[in-house]
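Thanks for asking me to look this over. My notes are below, as numbered points you can check against the model.

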Amino acid sequence: MAEEAEGRVDLSPTPGSEQQAPHFLQDVIFHGKFKLLKALTPQESTLCQHGLFFLDGQRRVDYVLSYPSKKPTSGRSGRQATHLLTENAVARSLRRGPHSREQHTPHHHAQRAKDPSGADVELGCPAETLNGHEDQKILRREEFEGKLRDMGLELEKDEETKIAGVSFVKIHAPWNILCREAELMKLKMPTKKVYEVKQLRGVVEKISSLVSKVVEPLHPQVEEHQQKNIKHLSHTFSREKQHLFDLSDKDYFFDSKTRSSIVFEILKRTKCKAKYSMGITSLLGNGVYTAAYPLHDGDINEESAVPNDRKLLYEEWANYGVFYKYQPIGLVRKYFGEKIGLYFAWLGLYTQMLIPASLVGVIVFLYGCATVDDNIPSMEICSTRNNITMCPLCDRVCSYWNLSSACATARASHLFDNPATVFFSIFMALWAAMFMEHWKRRQMRLNYEWDLTGFEDEEDHPRAEYELRVMQKSTSKDPKAQHKIEKLTCQDRLPAYMTNVVMMLLMIGVTFAIVFGVILYRISTKAALYMSSNPVTRSNAQLTVKTTAAIINLVVILILDEVYGAVARWLTVLEVPKTDKSFEERLIFKTFILKFVNAFTPIIYIAFFRGRLVGRPGSYLYVFESYRMEECAHGGCLMELCIQLSITMLGKQLIQNNLFEIGVPKLKKLIRYIRSKQGAFQEEERQKKLQRYETDHFLEPFAGLTPEYMEMIIQFGFVTLFVASFPLAPLFALLNNIIEIRLDAKKFVTELRRPVAARAKDIGIWYNLLRGVANVAVIINAFVISFTSDFIPRMVYQYMYSPDGSMHGFVNNTLSYFNISHFQQGKEPMDPLYLGHPVQMCRYKDYRDPPWSTTPYEISKEFWAVLAVRLAFVIVFQNVVMLMSDIVDWLIPDIPKDISLQIHKEKILLVDLFLKEEQGKAGNLERRSCMEGKENWSNNNNKHSSSSSTAAQPRLGLHAKSTNSL
């Protein structure tokens, strides 16, 4: 423990510590405050404070920087600590000036003479000459830390850590620095003024209280979910108006996430004189520091752990046992910041809204199950009395087949292709509009509760890469005019823009090529399976090809998702955006385009293109002159679309969203353990020995919310875009999200380093993407109902061609005739007697004239009638649903009425508060001026009376003399 105490060197001693020493001893000796004595010992710091405080046990660690360092051997640890002490002393003397340098130099040389190991004391490492690159890093670290001290931060080093090759710099922000930065950042803080929140009255109040009692068991056991009738009036912090705020406990006035965000703001804007050094981001990118992060509040697993917000979040939020409870969004925001709090609030609302969508979807599916036996088209297909002979599905190896063999496919298609799916598509379009409006209201309520109503996004600091590019451009043109060029023009970014366009088109082309490759796989595999001598293989060839092709598509999608994410980041870096917000928005847009195309291209092909570019018997369309384009089964392509959707959606959720999120962080954590040579320690011993900042160093760095939002946006696409073909999609999404919320929560609390709290009043570009997906979903569902399903052909037949107005004869109406003598040479079946009888005519699904007509195999009138109705349905459906969505948008106000009233009330109270303050100041000035006037008046009177008395004394003396003379 003594070696650790020597290794941790305080680079910024507390001012006035020498004057406080007598008071400290007096408190310990005469008042019995022995806790103060224990607080200053390293043992108390390491065993009780767990690395959350400096060695004095008083100053909290607000931020931690880590950097690589060479670890000494165990026999030299004490001597090496002495070298580090000397190094820091010499560094401080160099910064103080020449006079101090002269005083420290003799001691420094004496120290080097006493050291028999010949170590280089100034570099704090054994007598091995470091290369220029490492020397440059050390100099930049020293300069950067000096700049941080100049900014008012207090630093403490820990170079005797238990992690090999890693040293830490602990940063503390004093009270005056916190106040200064809070004023600069325009942070809203609660004032002493409180007011009563308006409560509901009458019947609404009774209903609300009844509902709150019913759902009381669903609320987590945290203070944030307790109903509060009073609220503190908030105002932007100002040092001149500190009397408005409750500063009775300055240590906790700014919570830990606010303190860390303030320190991070200082780290971002602190620049070094070294070439191309632009704050902590640049230093991390150049390897000067390896990591920079705020600390978690404490432990979560130990029973003796001090109660803290992290442990409470772990018990009431990041726990699968509380999956049925609401999220403690207020506590999440308090610990992680508004940006992460908004994400989990949005995810929670999205999951809640999936409950009614899932119920309706299950009802639609059950309706299909209940009516499958009464469905006349499927009954006609399954009837063996019709004895309809179908044309071969492939050339040569495939033979004629009976339509009754597609009975199972036809019955399964009815489960998803029935009149209720049209209603469900309209319902889901309105559901998406309701979800958007509900989120806007929820977002506004959170803005009020989190004091973000007046918050406006300020322009961020320029990114380090942007400033570096500007500096390089300026120095390349005129080294003496470094400040003339202040920004990058479109001409500077033109090569990057061209690269972006070319690479995006190339990646989309890769997706199309892979889809085409899967098509060739299906065609060739189906032909190979039909050549098999095993009857079971031949009978299940269609199902085998569909399932394996969907699995291949899933694997390709998972691989390309990772590739496209890396490509999108590389393309965004090439553009050199100016701010972090611009960088994030451009990255999100590119990633969304690539991943959306990757996920939905195979589905769009099956829904709208498969079976429509086939041709007809005797004149099929071929690829590479040998591969015949594939057809849909007689039940339609809707069943294949359902299979593709279910496998892709479930596979992405189970493998990518859950397995990767659990396994990858743990694997990376294991690799860091192995690299840091901590594998020899047992887990419990290691946890007991490591400090908080050392334990957090092994956690995965926070990579932003883009992956979390992206997977939910893609899932939202699965739920809304093709819901007409897969009504169970909302149910699968709901089950996934119940796990996803707790999985993400556990990842944020236990697997990731604590992210820097970021303020935000909305979810940004993600809301626009949601609106875009919802609008596109209306159009796609209209086309799915119209062109992919048989809904329109059934309606046209029933009301235009049916002799009795029923669906009897519908199957026969959709099938055309083909004379087998018209087959092309070499394309006829190898086994024409496969069914046991000769075939003269076979049937195929299309609207064409029979071979005995005057226009054989031409498009029939029924085809054009059906096409006209399909197009009319698309137009009507789209406009009606869009109109209904706009009505819902108009009926539901964006801001809840009670919130708008409370915001107005806050403004009035704030104005009254400042008016009273100004009146108080004016009254004080008036009283002070009156007092000064009275004092001046009394002083003048005293002077006047004294002068008059002194003037009267000679007269009295003269009178006395005259009297005496008389």
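**Cavities and helix packing**

1. About 50 Å³ of space lies in the second largest cavity. A cavity here is a set of points, on a 1 Å grid over the protein atoms alone, where a 1.4 Å probe fits but cannot get out, and lining residues have an atom within 4 Å of a point. Its volume is the space filled by probe spheres set on the points, with grid points joined across faces, edges and corners.

2. Before going further, please note that this is a predicted model: local features need pLDDT of at least 70, side-chain atom pairs count only at pLDDT 80 or more, and totals for chains, interfaces and linings use all residues. Residues are numbered from 1 along each chain as its sequence is written, and side-chain values use heavy atoms, with hydrogens and water left out.

3. Which residues line the second largest cavity? They are Arg522, Lys546, Ala550, Ile606, Arg610, Glu640, Ile643 and Gln644. Helices α22 (541-575) and α24 (638-675) each supply at least two of the lining residues, and α24 gives the most, with three. Helices are DSSP runs (H or I, at least four residues), numbered from the N terminus. By class, this lining has three nonpolar, one polar and four charged residues. Ala, Val, Leu, Ile, Met, Phe, Trp, Tyr, Cys and Pro count as nonpolar, Asp, Glu, Lys and Arg as charged, and the others, Gly among them, as polar.

4. The whole structure has eight cavities of 30 Å³ or more. The largest has a volume of about 100 Å³. Its lining includes Leu52, Arg60, Asp62, Arg259, His296, Asp297 and Arg754. That lining divides into four nonpolar, three polar and five charged residues.

5. Now to the helices, beginning with α15 (residues 338-371) and α27 (residues 706-720), which pack at an angle of about 20° with their axes 12 Å apart. That makes α15 roughly parallel to α27. Axes are lines fitted to C-alpha atoms, for helices over the stretch in contact, and angles run from 0 to 180 degrees between N-to-C directions; those under 35 degrees count as roughly parallel and those over 145 as roughly antiparallel. Among the residues that meet (contact means heavy atoms within 4.5 Å) are Trp346 and Tyr350 in α15, with Met712 and Phe716 in α27. By class, this contact has ten nonpolar, one polar and one charged residues.

6. The other face-off for α27 is with α29: their axes come within 9 Å and cross at roughly 20°, so α27 and α29 are roughly parallel to each other. Residues taking part include Tyr709, Ile713 and Gly717 in α27, and Trp766, Leu770 and Ala774 in α29. The contact divides into nine nonpolar, four polar and no charged residues.

7. Helix α29 (residues 765-788) also packs with α32 (residues 861-891), and here the axes come within 9 Å and cross at roughly 150°. Are the two helices roughly parallel or roughly antiparallel to each other? Roughly antiparallel, therefore, is the description for α29 and α32. From α29, the residues in contact include Arg771, Ile779 and Phe783, while those from α32 include Leu871, Phe877 and Asp889. This contact divides into 13 nonpolar, three polar and three charged residues.

Terms used:
Parallel < 35°, antiparallel > 145°, perpendicular 65-115°, else oblique. 1 Å grid on protein atoms, 1.4 Å probe; cavity = no way out; pocket = protein on both sides within 12 Å on 5 of 7 lines; lining within 4 Å.
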